[in-house]
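Colleague: Got a minute to go through this one with me?
Modeller: Yes. Here it is.

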Amino acid sequence: MIAWLGFFYHPFWAVSTALLAAVVRLQMRNHWNPQTCAVRLTGKTAIVTGANTGIGKFIALDFARRGARVILACRSEARGTAALNEIREKTGNSDVHLRLVDLSCMDSVRAFAERILKEEKALHILVNNAAVSGLPRNITKDGFEESFATNHLGPFLLTNLLLDLMKSSSPSRIVSVSSVNHKKDVTANSVHPGIVMTEVMRHYSFWIRWIFNFIGFFFFKSPEAGAVSTIYCAVAEELEGVTGKYVDSDCSLTLPIPLARDAALAVKDFEFCERLTSKL
């Protein structure tokens, strides 16, 4: 037994792990670099949900650096304000604003959209980034499971409420941050950012978070790297007019799983979500 333990504690394993981590990180390098993209967003308005931390904050930071009017759609006023101040300071762009919304609450989504429609003359980019994972089972006041409401129904309703404004502002883009699990005047694409070290694991137990963070230190993307594929969908010139696509974490157009390509199922899902949200 001791001999076997000695085998596993051999320096070979530490070196092998380090080499494997280096190879994985090299493979995770995106084919597209936002820092070499000269696209400016001056005169454009963008909304990023969940922009107070993680991927969302780096997406908003990139848009602000490009000169956009950026609206941070956040649930927490304190965390949203902190992100707002940080982005303004780092970019020198004062046209960055905080608007509160709880995507799990359809009334909150409607109030947010109503304010946007009242205050904004145009909307060119909508990034549905906010998501939760590992929540204990909880039913919202609307009668929906909280994760389903936050990750699916909230973004669905928000997009539909803002769609006419985006059509009148075309060319415009909708980018929905999805997962590997997962009308021509407005393009809409889904993107897989990769496995990213963000706060999305905050609702899991300590040990699961510890294991995730330990493994992630070697193999997972940083929030800044995870934001790249979403920024690509939102600003890359080569995606002008490209819609209905799925973009992988390396900024490559790829096919999602067969279930996600089922057109009949997509229609049923849309109609189902439409019925659910229209009753509220």
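**Helix α3, a surface patch and the cysteines**

Modeller: The buried residues of α3 are Gly54, Ile55, Gly56, Lys57, Ile59, Ala60, Leu61, Asp62, Phe63 and Ala64. Bear in mind that this is a predicted model.

Colleague: How many of the residues of α3 is that?
Modeller: 10 of 12, so α3 is mostly covered, with buried meaning under 20% relative accessible area.

Colleague: What span should the 12 residues of α3 have, and how far apart are its end C-alpha atoms?
Modeller: For residues 54-65, 1.5 Å a residue gives an expected 16 Å. The end C-alpha atoms are 17 Å apart, which agrees.

Colleague: And what happens just after α3?
Modeller: Gly67 is there, with a positive phi of about 90°.

Colleague: Changing topic. Which residues form a nonpolar patch on the surface?
Modeller: Ile257, Leu259 and Leu265, which together have about 260 Å² of accessible area.

Colleague: Where is Leu259 found?
Modeller: In the loop between β8 (253-254) and α10 (263-278).

Colleague: Is Leu259 buried or exposed?
Modeller: Exposed, because its relative accessible area is 58% and the cut-off is over 50%.

Colleague: Now the cysteines. How many disulfides are there in the whole structure?
Modeller: The search finds 0. Take Cys251, which is in no disulfide: the nearest cysteine sulfur belongs to Cys233 and is 7.3 Å away. A disulfide needs the two sulfur atoms within 2.5 Å, so that pair does not count.

Colleague: Is Cys251 buried or exposed?
Modeller: Buried, at 9% relative accessibility. Cys37 also counts as buried, at 16%.

Notes: Residues are numbered from 1 along each chain as its sequence is written. This is a predicted model: local features need pLDDT of at least 70, side-chain atom pairs count only at pLDDT 80 or more; totals for chains, interfaces and linings use all residues. Side-chain values use heavy atoms; hydrogens and water are left out. Helices (H or I, at least four residues) and strands (E, at least two) are DSSP runs, numbered from the N terminus. The expected span of a helix is 1.5 Å times one less than its number of residues. Buried means under 20% relative accessible area, exposed over 50%, partly exposed in between (1.4 Å probe, protein chains only). Patches are made of residues with over 30% relative accessible area and no salt bridge: like charges are joined within 9 Å, nonpolar side chains (Val, Leu, Ile, Met, Phe, Trp, Tyr) within 5 Å. Accessible areas come from the Shrake-Rupley method with a 1.4 Å probe; for residues, only the protein chains shown count as cover. A salt bridge is a side-chain nitrogen of Lys or Arg within 4 Å of a carboxyl oxygen of Asp or Glu.
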